[in-house]
Amino acid sequence: MKIAVIGQSLFGQEVYKELKKDGHVIVGVFTIPDKDGKADPLGTEAEKDGVPVFKFPRWRLKGKAIDEVVEQYKAVGAELNILPFCSQFIPMEVIDHPRHGSIIYHPSLLPRHRGASAINWTLMHGDKKGGFTVFWADDGLDTGPILLQKECDVEPDDTVNTIYKRFLFPEGVKGMVEAVRLIEAGKAPKIKQPEEGATYEGIQKKDNAKIDWNQPAEAIHNWIRGNDKVPGAWAEVDGKNVTFYGSTLVDNGSTTGQPLEIPGTSRPGLVTKNGLILFGNDGKTLLVKNLQFEDGKMIAAAQYFKAGSSTAVELTEEEKSFAEQMRVVWKSILTNVEKIDDSTDFFKSGAASMDVVRLVEEVKLRASQLQLQNEDVYMATTFQEFIQMCVRKLRGEDAEEELMVDYVEMNVNNMTIRMPHQLFINGEFVDAEGGKTYKTINPTNGEPICDVSLAQISDVEKAVAAAKEAFEEGEWGKMNPRDKGRLIYKLADLMEQHQEELATIEAIDSGAVYTLALKTHVGMSIQTFRYFAGWCDKIQGCTIPINQARPNHNLTFTKKEPIGVCAIVIPWNYPLMMLAWKTAACLAAGNTVVLKPAQVTPLTALKFAELTARAGFPKGVINILPGSGSLVGQRLSDHPDVRKLGFTGSTEIGKQIMKSCAVSNVKKVSLELGGKSPLIIFSDCDLDKAVRMGMSSVFFNKGENCIAAGRLFVEESLHDTFVHRVVEEVKKMKTGDPLDRSTDHGPQNHKAHLDKLVEYCEKGVKEGAKLLCGGKQVSRPGFFFEPAVFTDVQDHMFIAIEESFGPVMIISKFKDGDVDGVLRRANATEYGLASGVFTRDISKALYVSERLQAGTVFINTYNKTDVAAPFGGFKQSGFGKDLGQEALNEYLKTKAVTIEY
């Protein structure tokens, strides 16, 4: 169709581009005149394509259409007018002229919120549903027949900006294109707007955006967010008009802070480290993040009483050179200003939001390591303030970016540990929706360590949205791989600096013996991040010879690209190490992460989150959500914006996750699931080593080890000797406080698991297996279990088939020389995670290793994992790999590109 596009803005530009892609002929673009020498994006795009562009200052004069303007419009011969966003009054002579008439985009669900500030009023009224309407233009104000509507949920903390970017802009562009297709096909409906429920609100301006404090907290919050950023909800504070931005509802807001008297409020506000707490007349609270003064200066609300107290930094010669470069940039933007001096105000000189975007990009071109956000410009409006802010950021002295952490502190293990306990979303520690919490328990004594925020569905939505924004629009998505590697190296260095603290937290939260936590839980985590940091700039595709399209030539190459938002769900046995195994590869590949730690062991993951922020990871790249698997894990599996899920846990849950990932959006998935790993010990082995490694294969990390040897097959002639030696060694093991350096065996992770182990051993005895030692709860506070050894275990028994995931050694004998027979028994399981063999005969060892159906085979060793070696299982132990180069492939997608020349 021949289409005239009437309107302006980036939205109009995108609609124009999509209509062109759809094959329509744009016969003319009618947009607004240039402002301060700058053309509107819609007009600029059309001019590049050679499409006629008209920039009429007005279409009507004194209520009548201007004849010359209407004639110029009619001359283009449009069959349909598209008004994606138009601030001008278009006369009916133009609206009704095309054969198909005119359609308009309106950002509300008509007939609700007719008028020019529809998005604002959707939020100010606290609507639970928002959306847009494409309607047929008539001579009323947004009253024409409806062609199509699309709706979305309005989130509790949505602003005009967030709902616009998330739904109204992208889906609105699609909606306009869909409407045109319906018109072209002759299937476009004209549904009369109902009068019931119709509302009209006038344009929202600064003078009518004053806050009425005599309302419930939710109503105040809705008013502030509905006016954020334009025109801005304001109130009088200390005799000055102050505008409030960044409102969120909070439950049980902090009562500690510096009081701030605000006329008309039910009680004084509180300036806290997280922002300004405000109270509704119902006693409930909201939190405001930013404040703007009448001169345009914006500050973090938490800094209200510190505003203006910082002294200027003296610039180096290099910094002075940067300042002069930026002075030239400001002059190129503020063309109406004769000279840029230190007091020149960016916004008072005529700069608009598009100029902010340009300024941020100009800074990146001149100082790539300086990644400004639009908000930074609003908070430093004069040239001097802007340069000071840039220099402080370049020096790493940005005080306003200080991470706010509400620590739980404990004096333990001869040190003070400081533990975050809130959710970590978009670079900040925040409470869960509704302030929901749960207690995490110290397995050594069964007592609570602290309250931890319990993530809800809305928290998952926020975290995924933050991760998506960081990947698609944020600094992380634009950062080159080498710089990403530098950040990951820095994170590993910080983890090493905090390794004793991390190991202590791991010990009290999971029961891991401190020395093991220091070496393995934390030590291998550090190694993992360093290993994958080195891979960041080595991910590459290849060139592929294909049949040539003679006489032309072809070049085909592949690219390895990050997937996007990745969810990671980890177990409780190695809380930090399981995080590291998956997250390091995920980040190295360039993705963003939403991670759910096990509900019973969240604390090292939250400490890790703090370290990522201190390492300088951009907001939204890493998000940590303690919570239940049935709620948080399930929503991550179902979420349409999550493109990959990595899971370690039980086979039962893995199957459910795999199903959800398939049904939701066929997201990529990798699973490391249950195991019943066989360890075959031949009589020609090194007995001392076999006993030592056999013990480790079962009792390492209290048996809470996914690759633990779930069943030992010992050759008959060695069986009795081996069993005798093992029982002697088990009796020497010291069970006790994991922080005691002499402890061999700490408490089991949590009470439910302890009870399961006791029940497991009772079943073994009941079925006729011989319990030589242990198998009972230790009579002391905490979740301690006596390491157990079973013999005479037959293949049909429950304990021979099912995984204990605890310190229970299951020993079966096999006939001397019956290699193939023991292999059949070892492979007679649905699991295939790991396996092992002890023998001095290298030919026998290799023969056995080739036939064992497991992802890992250990020969004359056990538990020997390394960050460079791939790790993962076969059969119902899952698929996909952690560690090594192969792990990167789990978080990458391959694109093939073919060129003809």
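Begin by selecting Asp 376, which at 10% relative accessibility counts as buried in this predicted model. Next, add Lys 393 to the selection and look at how the two side chains meet in a salt bridge, with 3.8 Å from N to O. Lys 393 lies in helix α11 (residues 383-395) while Asp 376 belongs to helix α10 (residues 374-378), so this pair ties together parts that are 17 residues apart in sequence. Lys 393 is also buried, with a relative accessible area of 19%, and that value falls within the class because buried means under 20% relative accessible area.

From there, move to helix α1, which spans residues 9-21, and select Lys 17 together with Glu 14. Here the side chains of Lys 17 and Glu 14 form a salt bridge at 3.2 Å, N to O. How far apart are Lys 17 and Glu 14 in helix α1? The two are three residues apart, which means that about one helical turn separates them. Both ends of this salt bridge can be checked with a surface display: Lys 17 is partly exposed, with a relative accessible area of 28%, and Glu 14 is likewise partly exposed, its relative accessible area being 23%.

For the next stop, select Lys 538 and Asp 537, whose salt bridge has its closest N and O atoms 2.9 Å apart. Lys 538 counts as partly exposed at 45% relative accessibility, and Asp 537 counts as partly exposed at 31%. After this pair, select Glu 501, Lys 607, Glu 610 and Arg 614 at once, since salt bridges that share partners join these residues into one network. In the whole model, the count of salt bridges comes to 49, and the pairs visited on this tour are among them.

Finally, switch to a cartoon display and find the open sheet of three strands, in which the order is β23-β24-β40 and the pairing is antiparallel. Which strands stand at the edges of this sheet? They are β23 (543-544) and β40 (892-900), and each has a single partner strand, so one side of each is left without a neighbour in the sheet. To follow the pairing itself, select strand β24 (residues 554-562) along with β40, as nine bridges join these antiparallel strands. A convenient place to zoom in is Pro 562, whose bridge partner in β40 is Leu 892.

Note on methods:
Residues are numbered from 1 along each chain as its sequence is written. This is a predicted model: local features need pLDDT of at least 70, side-chain atom pairs count only at pLDDT 80 or more; totals for chains, interfaces and linings use all residues. Side-chain values use heavy atoms; hydrogens and water are left out. A salt bridge is a side-chain nitrogen of Lys or Arg within 4 Å of a carboxyl oxygen of Asp or Glu. Helices (H or I, at least four residues) and strands (E, at least two) are DSSP runs, numbered from the N terminus. Buried means under 20% relative accessible area, exposed over 50%, partly exposed in between (1.4 Å probe, protein chains only). Two strands pair if DSSP finds at least two bridges between them.
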